Each structure stands twice: as C-alpha cells, then as structure tokens.
Amino acid sequence: MTVGVSLNAPAGTANQIDAVLGQAEEAAAAGLRTAWFGQTLGADSPQLAALVGRAVPSLEVGTSAIPVFGRHPLTVASQALTAQAATHGRYHLGLALGSRLIAEGAFREPFERPVARLREFLTVLRELINTGSTEFEGELIRAATPLPATVPGAEPPVPLLVAAMGPQALRVSGELADGILPYLAGPKALGEHIVPALTAAAEAAGRPAPRVVALVHGVVTDDADAVRARVAEKLAFYEQIPSYARAIELSGGQRAVDVAVIGDEETVAAEIRRYRDAGATEVVFAGTEEAGEAARLRTWKLLGELAG
C-alpha cells in the first residue's frame, strides 16, 4: 500500500510555492511516495503538482480535487496533460462534485444535478486525455476540438480519480474513472459501503479494479485530547455537507473529528492498517500540521516508514 501526504504551506508563509517545494523535498526524504494538493480559490493545484513533480522526481503528485462546477473539461484536460508531461507520467488528477458554497457562492453557478454533470465531465475528459479530441453534446456540457488538444510527452494517460462517497457518484466513478479519493470516510464506511459499491460498478462496466486513495485527517502526537479539540473545530464545516455527514455516520461517528486519526505512532499505524484491510490501496494524510512543526515531522517519519 502506498502512503502519501497532502502538502499545505504554513499560515503566514511569504511564498506558497517556495514553501510547498521545501515540504515536498522533506516528504521525499522521509520516504513518502506521493504528494497531493487541494484546490480551493487560491493556487492552481495542477500547476503546483507539475512544479513539485518536476523538482522532486521521486514523488508521484496529484490533485485532490478539482470541482466540476466552474470549470470546463477542455481547460482541465489542458492542465492535466501539461502536468503529466512536466512530471514524465507521475501526475494523478482528482475531480470532485464540489459544494453549493463554492459553486453558487464563488462561481455564481447553480449547484444543480451534480452527478449528471460529473458523468458528462468524466466522459469528455476521458476522451480528451486518451485521444486529444472530442465532439460532445450533452445536457449540461458541450465540447469540441477544432484544434488538437494534445500535449506531446503527456504519457501514459492521466489517471482520473473522483472524490466520490455517495452511491450515485460511486456508480459513475466505477464506470468512468480509475478510482476514488474519499475523505472523512473511515474504515467501516470504506469496507462495508464505499469499496463494495465502487467495485461492483467497475465490474459491471468491465473496468479494472479501481484505486481507493483514502484521504485521512491525522497527526502523530502525545497530546491527543488537545489536538482533537482543535481538529474538531476545524473540521466542523464538513458536517454541514450531506455527503460528508453520511460518510461520517457510516464510519460510526457523529462528528468529523470522530474519523480523524490522532495519537501516538502505535495508534496511527494501527489505523492505517485498518484502512488497508478495508480496501484502501493508498492512504494520504492531511492536516499533519495541526499539532505544530515537530508533530508534523514526527508524523511524516512514521508515514515514510510505513510507505517503505
């Protein structure tokens, strides 16, 4: 099982790109295999992944995840293919349904029929990445390529992953994507609900066994209670989003912090093994900075040992 980490520049950093490049070098030195980058309204995550992958060739790099609202498959394909060429085949593209807050609050775009939009988005994106062209007239998305949409050197085809956890999104992901990027879904939810639904959809579509890249909010610390209180406040936002609330409930929790992995090395290692046993093919830790710099480095050291 591959073990990776989500990279985030520290608060107050003078230059986000410089800070993340430094973190990537630390992650590689610790033995981590993959580095992932979130996408909000700040830095462009495919560009960031391309820069990191170019500078630190031992790391696979990925985006987790670009919302399908406010974007078009042609522009996302261009970003992904450029990152794939820049990293010589080590880029992984993650997509997300997104949320009403971003779709309507930022892009002023109605958050309607997200699963249908995901299906059309993936259909067009797959065609662009595999062939460099498309002629698609869907209900929600239209796309054509009067000019080639290829990037020489962007090989092999970029893996497509989806931050899917609900039944409909899992069905679409199993049929059209290469795997999923569940977040705040504990081993119970993965093993009993998410992985079986995804696998069944992939098998029905005649596709290979999908990847399950489990994003876990966690940190190694001896002060678990204090860190847990801080994490509970930070993650409370996700409890208002139905897909996350359902995943938390299916994991046996009531709050998002209930599925965070916080504790000493033995505790964290045991939880990572539970994710593996539940069907995760990769575990990526986010939020490792929650308990300070020393705890972050301690967490990365453990993750690197487990990755080896």
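A residue is called buried here when its relative accessible area is under 20%. Tyr 244 therefore counts as buried, with a relative accessible area of 18%. Its partner Tyr 238, at 22% relative accessibility, counts as partly exposed. Please keep in mind, as we walk through the structure, that this is a predicted model.

Let's begin with the aromatic residues. A pair of aromatic rings is described by the distance of the centres and the angle of the planes. There are 5 aromatic pairs in the structure. In one of them, the rings of Phe 69 and Phe 111 have centres 4.9 Å apart and planes at 45°, so this pair is tilted. Phe 69 sits in the loop between β3 (60-67) and α3 (73-86), while Phe 111 sits in the loop between α4 (100-105) and α5 (114-131), so the pair ties together parts that are 42 residues apart in sequence. Both Phe 69 and Phe 111 are buried. For Tyr 238 and Tyr 244, the ring centres are 4.9 Å apart and the planes stand at 75°, so the pair is edge-to-face. These two tyrosines belong to one aromatic cluster with Tyr 183 and Phe 237.

The loop between α4 and α5 has more to show us. Most residues other than glycine have a negative phi, and most peptide bonds are trans. Arg 108, in the loop between α4 and α5, has a positive phi near 55°. Arg 108 is exposed, with a relative accessible area of 65%. Arg 113 is found in that loop too, and its phi is also positive, at about 50°. With a relative accessible area of 43%, Arg 113 is partly exposed.

Now for the cis peptide bonds. One joins Ser 64 and Ala 65, with omega about 0°, and Ala 65 is part of strand β3. Another cis bond runs from Glu 155 to Pro 156, with omega near -5°; Pro 156 lies in the loop between β6 (142-144) and β7 (160-162).

Ala 65 also leads us to the nonpolar interior, through its contact with Leu 95. The largest nonpolar core has 100 residues, and those touching the most other members are Phe 37, Leu 93, Leu 95, Leu 125 and Leu 190. The largest share of this core, 8 residues, comes from α5. Leaving aside residues up to four places away in sequence, the contacts of Leu 95 include Ile 66, Val 76, Phe 121, Leu 125 and Val 162.

What about empty space? Rolling a probe the size of a water molecule over the atoms shows where empty space is left. The count comes to 1 cavity of 30 Å³ or more, and the largest cavity has a volume of about 30 Å³. Among the residues lining the largest cavity are Asn 8, Gln 23, Glu 289, Arg 296 and Trp 300. The charged end of Arg 296 sits over the ring of Trp 300, 4.3 Å from its centre. Asn 8 belongs to the loop between β1 (2-6) and α1 (16-29) and is partly exposed, with a relative accessible area of 34%. Beyond residues up to four places away in sequence, Asn 8 touches Gln 23 and Glu 289. Asn 8 and Gln 23 are 15 residues apart in sequence, with their C-alpha atoms 8.3 Å apart.

Our last stop is the second largest pocket, with a volume of about 170 Å³. Of its 14 lining residues, the closest to the centre are Asp 258, Val 259, Ala 260, Glu 271 and Arg 274. The elements giving two or more residues to this lining are α7 (187-204), β10 (261-263) and α10 (265-277), and α10 gives the most, with 4 residues.

How values were computed
Residues are numbered from 1 along each chain as its sequence is written. This is a predicted model: local features need pLDDT of at least 70, side-chain atom pairs count only at pLDDT 80 or more; totals for chains, interfaces and linings use all residues. Side-chain values use heavy atoms; hydrogens and water are left out. Rings of Phe, Tyr and Trp (its six-membered ring) pair if their centres lie within 6.5 Å; planes under 30 degrees apart count as stacked, over 60 as edge-to-face and the rest as tilted. Buried means under 20% relative accessible area, exposed over 50%, partly exposed in between (1.4 Å probe, protein chains only). A charge sits over a ring if NZ of Lys or CZ of Arg is within 6 Å of the ring centre and within 35 degrees of the ring normal. A nonpolar core is a set of buried Ala, Val, Leu, Ile, Met, Phe, Trp, Tyr and Cys residues joined through side-chain atoms within 4.5 Å. Contact means heavy atoms within 4.5 Å. On a 1 Å grid over the protein atoms alone, a cavity is a set of points where a 1.4 Å probe fits but cannot get out, and a pocket is an open set with protein on both sides within 12 Å along at least five of seven lines; lining residues have an atom within 4 Å of a point. Grid points are joined across faces, edges and corners, and a volume is the space filled by probe spheres set on the points.
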